[in-house]
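Subject: Handover of a structure and the findings from it

Dear colleague,

Please find below the structure that I am handing over to you, together with its sequence. My account of what was found follows directly after it.

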Amino acid sequence: MHRPSEEASVMVQYSVASDWKSKITQTVKRLQENFQDIDRLIYATSKRIGPEADNLVFEMLREQGISLDIRDISWFVERRETHPQRISASETLCDRIVEPLLRRRGLSDRVGLSLNEGESRLGLLHLSLQIQDDAGGKGLTKESFESLTLSALHDSDSENTIERAEVQRRVASFLPAGHEQQIIAQVDSALARMSGKRGIVKYHKSVDRFCLSHQERVSLDERVAKFVLSEELLENELWEVVESHYDVENEAPESETIGRELRASMEWILLRQGEIFVNAARSGETSNTAIDDLVQIIAEEPGRKTHGLPRRVVAQALMSVLTNPGEDVKEHLRRLADGYTLFAFMRQTPDVQKVVVNLFSDGEFWLDTSIILPLIAETLVDDPASRHYTVIFRAALDAGIDLYVTDGVIEEVERHLNRCVMFSRSEANAWNGSTPFVYAAYAMDGRARNMFAGWLEDFVGDSRPEEDVREYLEDVHSIKRRNLTEECENASMEFWSAVQEEWSTVHERRRNSKSAQVDVFATQQLVAHDTENYVGVTMLRSKGSPNPMGYRQWFVTLDKEAFGLRKHLIDRLDSPPPSPVLSPDFLSQFLRLGPLRSAIEREVRINLPVLTDVSRFDYIPKQLIEAADDLRADLEGKSERIIQRRVRDSLDKMRMRMGEEAAGGSYGMEKRVMSLLKNKKSATGEEG
């Protein structure tokens, strides 16, 4: 702390503590014990605080009589060029502290935590920095090699030039062996493009050496500093999710350590997701990531963690941030994910564009019921940019892809919504069966049970419900009805029968796993609908494609069984056709990176999700629905907005705190929920 002599009643403190609230509270206590005349505290910090301190500022003035003036990172950044002395101080600070952190050695410990080699970490950084929102016409191969070439020149300037052979060597170390001549040619082309007139790279022709231009050096430092700051914000967000939803042991490491370890796990997931995307682009076999998949990926992460959190808790926290990141890290997370995907591509082939351009350039996609229901459920989300499936299929339409559903899917959607209405009019403990998906989403949003039927009228009425569903999908989402019965009739009996038998096995297993009695006829209808989509789309592709992902027709679903169906068909058929199944995660990644990205409206493209997740509404115990009703009763008399928010937040916290026991099946989950409900009063124990 420092006491300016010209202002005897003012104390200045500088701190880098993450727990700034506790730090300020402790400081004020010390001031009152040792300085009776202090009435103002200026708290300077490198952390980002912003409006989070508003309540504390008010409390300090009201209860302690001290005016609290918080000057966080934003305060300093916004004022750095407002006075010559500040400009000079900022430049001196950069030279002494920031510059060493932004150099090659300093960055190797701060970025690319899932990678081992320093060159790879620096390459990943530049690949992530290169991802631009304007989706320029440059191909991915050119963009990627320019990024890696810039990473090779990262520390260069007019006094520290690098010879051509060394640039080529550094880039080659990042890429697979066996492509040396291709790599040399691509690096030379990148150097030629970037060292042209007024280029960002300067070429010293007499000695055949290169360096970054001064302007690019300054620009790069600013972008890297922003990237590193975003990494810190991401760590803070991960820590806050864990702290707010889970019980962290007292002997656990400090929040900075936990945040860094969670970020390392997240980057490990992004690396693996990039590899999965590349393998899918080569094989044509896609998959969709769920919580259980993340748990397995985390189990394979090298290195030991000190945070002591169960893997499922880590997976849930990471999935929460991946699917719903805060505004401060949303863009950064997307760039990081795309950087890891390009990293995975470059590790396998230097010619990224050649692989990606062979993927579907337009197409016809049939959507499963498992896709349509989330489209309806996410209308509950206030922010349109966070409606993941709506954004994905809006981008697909922009890219020239046609979207369809069959009458069978329309029927399934209508039947599901009807079950939701029946559930809303029943007592949860008297309902025979699981909580319907759309109603679970509605309840988890904190909404009133008796208002559900009215909310549902936006999608379906009483007289002609199936026609209402069809019109809603076409009018709002441009999803048209198109059946595949004729295509199924043209399929060989052997193929059609094999697919039908596999779907029958899947639905029989699901029926036997449910405690409620399931309508046999309804099960047969589900089998028929799934068979129509799988067989019909496959037959539309019968002309074949030279590339596994080059087909125009796809069946988009979240049903995990659909992704593994072809493996079972191999046991029944000599040579089953390629799988027509496509995951929303793959589609989102392709739309962000593929050749169609320039056709997509910018605002839609930048909101494409890194991962999609509907598992938070799957298998919601009926006890949670009862909890929602009880919580609303406890809050009677408050405004609907407050009730909805508190119920939503309390239920979400209960659900996420199920932790490992949620993996033990419905009995273990319900047992855990019941213990949580004993504390439901405290979950809403805010003052009026």
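I begin with a single residue: Ser478 counts as partly exposed because its relative accessibility is 35%, where buried means under 20% relative accessible area, exposed over 50% and partly exposed in between, with a 1.4 Å probe and protein chains only. Please note that this is a predicted model, in which local features need pLDDT of at least 70 and side-chain atom pairs count only at pLDDT 80 or more, while totals for chains, interfaces and linings use all residues. Residues are numbered from 1 along each chain as its sequence is written, and side-chain values use heavy atoms, with hydrogens and water left out.

Backbone and loops

Ser478 sits in the loop between helix H21 (465–477) and strand E9 (479–481); helices (H or I, at least four residues) and strands (E, at least two) are DSSP runs, numbered from the N terminus. Ser478 is not a glycine, yet its phi is positive, at about 55 degrees. Most residues other than glycine have a negative phi. Arg198, likewise not a glycine, has a positive phi near 55 degrees. This arginine belongs to the loop between helix H9 (180–194) and strand E5 (201–204), and it counts as exposed because its relative accessibility is 72%.

The loop between helix H19 (437–444) and helix H20 (452–456) contains Met451, and Asp445 is also placed between H19 and H20. Met451 counts as exposed, at 53% relative accessibility, whereas Asp445 counts as buried, at 12%. The C-alpha atoms of Met451 and Ser424 are 8.9 Å apart, with the two positions 27 residues apart in sequence numbering. For Asp445, the C-alpha atom of Arg645 is 7.7 Å away, although the two are 200 residues apart along the chain. Setting aside residues up to four places away in sequence, Asp445 touches Leu380, Gln644 and Arg648, a contact being heavy atoms within 4.5 Å.

The protein as a whole

The protein has 32 helices and 11 strands. Of its 688 residues, 51% are buried. Among contacts between residues at least 6 apart in sequence, 76% join residues at least 24 apart.

Cavities

A search of the whole structure gives 4 cavities of 30 Å³ or more. On a 1 Å grid over the protein atoms alone, a cavity is a set of points where a 1.4 Å probe fits but cannot get out, and lining residues have an atom within 4 Å of a point. Grid points are joined across faces, edges and corners, and a volume is the space filled by probe spheres set on the points.

The largest cavity has a volume of about 190 Å³. Its lining consists of 18 residues, and Gln273, Phe277, Asp585, Gln589 and Leu611 are those nearest its centre. Helix H11 (255–283), helix H14 (327–348) and helix H27 (584–593) are the elements that give two or more residues to this lining. H11 supplies the largest share, 6 residues. By type, the lining holds 8 nonpolar, 8 polar and 2 charged residues; Ala, Val, Leu, Ile, Met, Phe, Trp, Tyr, Cys and Pro count as nonpolar, Asp, Glu, Lys and Arg as charged, and the others, Gly among them, as polar.

Helices H14 and H27

The axes of H14 and H27 come within 11 Å and cross at roughly 90 degrees, which makes H14 roughly perpendicular to H27. Axes here are lines fitted to C-alpha atoms, for helices over the stretch in contact, with angles running from 0 to 180 degrees between N-to-C directions. Angles of 65 to 115 degrees count as roughly perpendicular, under 35 as roughly parallel, over 145 as roughly antiparallel and the rest as oblique. Where the helices meet, Arg334, Ala337, Asp338 and Thr341 of H14 face Gln589, Arg592 and Leu593 of H27 in contact. The residues of this contact divide into 2 nonpolar, 2 polar and 3 charged.

H27 is largely enclosed by the rest of the structure, because 10 of its 10 residues are buried.

Within H14, Asp338 counts as buried, at 1% relative accessibility. Besides Gln589, Arg592 and Leu593, Asp338 is in contact with Ile131, leaving aside neighbours within four places in sequence. Asp338 and Val610 are 272 residues apart in sequence and 8.6 Å apart, C-alpha to C-alpha. His332 is another residue of H14, and it counts as buried at 7% relative accessibility. With the same neighbours within four places left aside, His332 is in contact with Phe227, Ser230, Glu231 and Leu234.

Yours sincerely

Key:
On a 1 Å grid over the protein atoms alone, a cavity is a set of points where a 1.4 Å probe fits but cannot get out, and a pocket is an open set with protein on both sides within 12 Å along at least five of seven lines; lining residues have an atom within 4 Å of a point.
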